[in-house]
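Reader: I would like to go through this chain at the bench, with the reasoning shown at each step. Could we begin with a single side chain and work outward?

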Amino acid sequence: MAATPAPDQHPVDPDGGFEDERSEDGGFGDGGFEDGGFGDGGFGDGGFEDEEPLGRDPSRVDLGSSGEYGIDAPGVVQKLAHIALGAFAVMFVAALVNVPFLMGIALAVGIVFTIVALAMVSSSRVGKLRERVRIVDAAGLSSDDYVLDLGCGRGLLLVEAARSVPGGLAVGVDVWSAVDQSGNVPSAPLDNAVIERVEDWVDVVTGDGRRLPYVDGAFDVVVSSMVVHNVPDSVGRARVIREAARVLRPGGRLVVVDMQRTHEYVAVLRALRWSEVSRSRRVWRMFPPVRYVSGTKPNPGTTP
């Protein structure tokens, strides 16, 4: 594991506490869909949309050599599976008592919920491992960059970013909520860094995204995937984006990938007068589908 950034480069805030404004479960939220489905104003939510980022071909990723990155929103997947099993049970009973209409409805519900559950598992096991290549490429890393993975979980982006910064450092920050990702503990990203042979350029810190334990301008790049929507209120989500902006150096780049509420992130960055602010169309290589939000922190005295 790499050493913590030197105090004159990226010092940690000495007071350290993160108790304020944390959700009741101790994490950023419950990882479910209670706040409006895929959110973001729906699938036709309007607003500007840019072409999705392109980069290395992720189909060439060797999944066999990857670490263990868990199942996202395991509670949601479990609920979907239970609903599907219940629907199939109802279908069986309806068939026994010869109620074709009920049997048909139950069959349809069971199939739909099974497909959604399997799509989420497939995204966790394959889709996100391939998409992380595009996410990191969108950040445009240099070999000596200091990168922050906001809500790193088991280290999906953290480990991928570390490959690109042999002269820098990739730091992950998280509150380690197992509700949002299975097996989400501080040792998990470090173990995955060892598996993928990048442990010398990886470090992890416990912290809440609404109050990051770093001084202004500590990082060259901030990345985040499927995290910010878990903050249960719009004020808190805006604070996460502002904190990410605060710890970036002038000229630094932010890339946030999320399944909902991305129009809020764009609004915050535009209010901060960032340059090159963009939001992609929906990307269906992950499920639920996601959007990329990115931007560049302006240098003092420049006009975006």
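Reader: Is Tyr-214 buried or exposed?
Author: The model is predicted, and in it local features need pLDDT of at least 70 and side-chain atom pairs count only at pLDDT 80 or more, whereas totals for chains, interfaces and linings use all residues. Residues are numbered from 1 along each chain as its sequence is written, and side-chain values use heavy atoms, with hydrogens and water left out. A residue is called buried under 20% relative accessible area, exposed over 50%, and partly exposed in between (1.4 Å probe, protein chains only). Since the relative accessibility of Tyr-214 is 2%, Tyr-214 counts as buried.

Reader: Which kind of aromatic pair do Tyr-214 and Phe-219 form?
Author: Rings of Phe, Tyr and Trp (for Trp, the six-membered ring) pair if their centres lie within 6.5 Å, and planes under 30 degrees apart count as stacked, over 60 as edge-to-face and the rest as tilted. This rule gives a count of 2 aromatic pairs. With 4.8 Å from centre to centre and 75° between the planes, the pair of Tyr-214 and Phe-219 is edge-to-face.

Reader: What is the relative accessible area of Phe-219, which is buried?
Author: Buried is the class under 20%. Phe-219 falls into this class because its relative accessible area is 0%.

Reader: What is the angle between the planes of Trp-284 and Phe-287?
Author: Trp-284 is exposed, since its relative accessible area is 54%, and Phe-287 is partly exposed, since its value is 22%. Their rings form a tilted aromatic pair, 6.5 Å centre to centre, and the angle between the planes is 40°.

Reader: Which residue follows Phe-287 through a cis peptide bond?
Author: Most residues other than glycine have a negative phi, and most peptide bonds are trans. The bond that starts at Phe-287 is cis, with omega near -5°. In the loop between strand S6 (275–279) and S7, the residue at the far end of that bond is Pro-288.

Reader: Where is Met-226, which has a positive phi?
Author: Phi of Met-226 is near 55°, a positive value in a residue other than glycine. Met-226 is buried, because its relative accessible area is 17%. Its place is the loop between S4 and H5.

Reader: What is the relative accessibility of Trp-176, which counts as buried?
Author: Trp-176 has a positive phi near 60° although it is not glycine. It sits in the loop between strand S2 (169–174) and H4. Trp-176 counts as buried because its relative accessibility is 12%.

Reader: Which strand pairs with S5 in the antiparallel sense?
Author: Helices (H or I, at least four residues) and strands (E, at least two) are DSSP runs, numbered from the N terminus, and two strands pair if DSSP finds at least two bridges between them. S4 (residues 219–225) and S5 (residues 248–258) pair in the parallel sense over 6 bridges, with Ser-224 bridging to Val-256 in S5. A further 6 bridges join S5 to a strand that runs antiparallel; Val-257 has Tyr-292 as its bridge partner there, and the strand, residues 291–296, is S7.

Reader: Which helix lies in the β-α-β unit with S4 and S5?
Author: A crossover is right-handed if, with the strands pointing away from the viewer, the path from the first strand over the helix to the second runs clockwise. The unit of S4 and S5 is right-handed, and its helix, residues 234–246, is H5.

Reader: What arc do the buried residues of H4 cover around the axis?
Author: In H4 (residues 187–195), the buried residues are Ala-188, Pro-189, Asn-192 and Ala-193. They lie on the same side of H4 because the arc around the axis is only 140°, taken from the directions from the helix axis to the C-beta atoms. With contact meaning heavy atoms within 4.5 Å, these buried residues pack against H3 and strand S3 (202–206). The arc that they cover is 140°.

Reader: What is the C-alpha separation of Thr-262 and His-229?
Author: Thr-262 belongs to helix H6 (residues 262–271), and it is buried because its relative accessible area is 0%. Along the chain, Thr-262 and His-229 are 33 residues apart, while their C-alpha atoms are separated by 8.3 Å.
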